[in-house]
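Okay, thanks everyone for squeezing in. I'll take a few minutes to walk you through a model, so have a look at the screen and stop me if anything is unclear.

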Amino acid sequence: MAAQNLKKNFGATKSGRAYTRQSNRISLAKRKFYVTTPIYYPNDIPHIGHAYTTIVADVISRWNQLKFGKENVFFLTGTDEHGKKIEQAAKKKDKRPKEFVDELIPKFKNAWQKLNIKYNRFIRTTDKDHEKVVKEILQRVYDNGDIYKGEYEGFYCTGCEAYYTEKDLVDGCCPIHKTKIEKLKEPSYFFRLSKYQDKLLKLYKENPDFISPQHRRKEVINRVKEGLKDLSISRNSFKWGIQLPFDNTHIAYVWFDALFNYVSGVKYLDDKKLFEKFWPADVHLIGKDILWFHAVYWPAFLLSAGISLPKKIFAHGWWTFDKEKISKSRGKVINVDELIAIAGVDSARYFLLRATPFGDDGDFSEKALIERHNNELANKLGNLVSRVAGLIEKNGVTKCENKLIKKLKINKIETLFDNYEFDKVLNEIFAFIDVCNEYIQKKKPWEIKDTKILYELKESILKIAQLLWPFIPETSEKITKQFSAEKIKKGEILFRKIENG
Ligand code: ME8
């Protein structure tokens with residue numbers, strides 16, 4: 001309901017002409033948005049890193065709902081359930097892989113629910129429709145000659161679910177996990193990745209926004225220029241995966257399986273209308289750890305399968321915890337319940353989006369979160385809302401032209417949002433909150449009892465709530481409800497200050 005209101009407000013209160021101009025610019029074909037997160041390995045409960053990408057996807061989804069309407073946005077998340085890593089994790093707990101993941105999936109769904117994340121589908125790679133898609137594509141790619149049989153001899157890190165060459169290793173260990181690496185020698189089917197080198201380079205060149213941020217795009221281009229080897233896309237030494245349709249003694253390489261979730265998520269084979277409405281994805285959000293798989297393998301697989309390419313891969317940075325790598329074994333990990341316990345859901349969401357530019361690495365600390373909660377959410381936003389509500393409760397409002405809102409840089413905010421510069425979006429919104437707080441100080445409505453000023457403030461607060469809705473939905477809905485009521489009342493405190501911040 002509140003979202004409906006917000007949507008209405010968005011069209012109605014936004015500086016009229018600019019909005020019309022803007023909406024004319026958006027072609028009909030573009031009036032939808034499809035955002036995805038990586039599908040996470042359910043070998044443990046989700047932590048702050050997984051929460052981060054999923055919260056950002058939720059923010060993007062909500063922002064596009066405001067622009068295009070709820071029905072024109074699709075947000076996909078889910079879990080990556082096959083492969084050696086999951087098989088090993090299950091074995092450790094003495095469980096069968098499916099039984100093991102079935103117990104972890106509710107933990108992911110619960111975590112997203114607690115964080116107020118509203119996805120359209122939670123895809124699991126064990127879903128029947130997904131398995132059907134992967135098999136059909138494997139057969140297609142095999143039939144068109146891009147898959148051939150050979151033998152893989154080399155290194156494999158199960159933690160990364162990735163192949164390595166001798167020169168990638170550091171002292172004989174995986175460069176990421178620093179753990180001992182497995183040497184493989186087994187029959188395998190290969191995908192002709194080498195054939196796609198020039199096509200990929202052309203793709204990056206012709207679509208400079210395909211990979212973001214730019215410095216990561218350059219890294220990918222340089223590596224692709226060094227040459228691409230054909231990729232082993234099947235395993236036959238274990239069983240937990242999707243069988244190749246043309247050889248049931250092999251299972252698909254987990255990344256060949258996982259990447260196709262993005263098309264099966266919108267019902268590639270089962271619902272043509274849905275698929276055509278949302279595909280190609282507008283953005284795949286990922287962490288920088290898995291950029292190579294998404295920027296190189298994924299478009300090559302799609303080109304081979306004859307499916308159009310996503311518009312953008314955005315690889316964000318890495319969160320550390322008190323300046324150290326997030327690591328369960330060293331106790332440097334913060335799970336979703338712990339994150340929420342610090343200062344509530346909205347403050348956690350706000351902090352993660354505000355503290356570091358999207359794309360850069362960031363450091364998480366409880367102290368920094370509490371500081372932002374106190375100084376920005378409680379002192380600036382909370383105080384504005386409570387002061388204005390209190391004054392209106394006593395004095396009422398008188399309708400007038402809202403001159404104050406002209407200080408809100410709405411076009412700039414829209415551009416920043418669409419450029420994934422969320423920290424700057426929040427900066428702009430909070431600059432306007434400062435303007436509103438200063439306006440009260442200057443005009444002293446409690447002395448002169450000017451209820452026109454209170455009307456301007458009320459309308460401005462409604463606009464602020466709407467723009468903040470993607471970030472702090474629960475608070476924004478409370479504010480919207482409070483300030484849309486016939487009789488505005490002071491109401492509860494939105495953000496209680498936390499001591500020792
Ligand atoms: O890679 N900082 O799954 P995964 C920021 N199944 N983001 C982080 C993070 C951190 N410290 N730690 C994790 C996989 N992430 C595959 C994906 S997609 C077809 C298959 C986030 O469970 C970030 O989005 O290892 C990263 O890319 C993802 O979790 C990796 O999740």
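Let's start with a single residue, Q197, which sits in helix α7, the stretch covering residues 197-206. One thing up front: this is a predicted model, so please keep that in mind throughout. Now, is Q197 buried or exposed? Its relative accessibility comes out at 19%, and the cut-off for buried is under 20%, so Q197 counts as buried. And what does Q197 touch, if we leave aside its neighbours within four places in sequence? The contacts are V224, K225, G227 and L228.

While we're on burial, have a look at helix α14, residues 345-354. That helix is mostly covered, with 10 of its 10 residues buried. The buried residues of α14 include charged ones, D346, R349 and R354 among them. You'll also find Y350, F351, L352 and L353 on that buried list.

Okay, on to the sheets. As a reminder, strands in a sheet pair through backbone hydrogen bonds, and they can do that parallel or antiparallel. Here we have an open sheet of four strands, and if you read across it you get β5, β4, β6, β8, with antiparallel pairing. The edges are β5, at 162-164, and β8, at 231-232, and each of those pairs on one side only. Inside the sheet, β4 (residues 147-157) and β6 (residues 182-191) run antiparallel and are joined by 10 bridges. If you want one pair to find on screen, go to Y156, whose bridge partner in β6 is E182. There's also a helix lying on this sheet: α12, residues 291-305, packs there and touches β5, β6 and β8. The direction of α12 makes about 30 degrees with that of β6.

There's another open sheet, this one with three strands in the order β15-β14-β16, and here the pairing is mixed. Its edge strands are β15 (324-325) and β16 (362-364), each pairing on one side only. Between β14, residues 319-321, and β15 there are two bridges, and those two strands run antiparallel. To spot that on screen, look for T320, which stands opposite K325 in β15.

Last topic, helices against helices. For a packed pair, people quote the angle between the axes and the distance between them. Take α13 (residues 336-343) and α15 (residues 366-395): their axes are 9 Å apart and the angle is about 40 degrees. That angle is why we call α13 oblique to α15. The crossing is right-handed. Which residues meet there? From α13 you have L339, I342 and A343, and from α15 it's E366, L369, I370 and H373. Sorted by class, that contact has five nonpolar residues, one polar and one charged.

Then compare that with α17, residues 422-443, and α19, residues 451-468. Here the axes lie 11 Å apart, with an angle of about 165 degrees, so these two helices are roughly antiparallel. α17 passes α19 in a left-handed crossing. On the α17 side the contact includes F430, F432, C436 and Y439, and these meet a set in α19 that includes I453, L457, I464 and L467. By class, the residues of this contact divide into 13 nonpolar, one polar and two charged. K443 in α17 and E456 in α19 are the charged ones.

That's my tour, happy to take questions.

Conventions:
Residues are numbered from 1 along each chain as its sequence is written. This is a predicted model: local features need pLDDT of at least 70, side-chain atom pairs count only at pLDDT 80 or more; totals for chains, interfaces and linings use all residues. Side-chain values use heavy atoms; hydrogens and water are left out. Two strands pair if DSSP finds at least two bridges between them. Contact means heavy atoms within 4.5 Å. Axes are lines fitted to C-alpha atoms, for helices over the stretch in contact, and angles run from 0 to 180 degrees between N-to-C directions. Angles under 35 degrees count as roughly parallel, over 145 as roughly antiparallel, 65 to 115 as roughly perpendicular and the rest as oblique. A crossing is left-handed if the near helix is turned anticlockwise from the far one by less than a right angle, and right-handed if clockwise. Buried means under 20% relative accessible area, exposed over 50%, partly exposed in between (1.4 Å probe, protein chains only).
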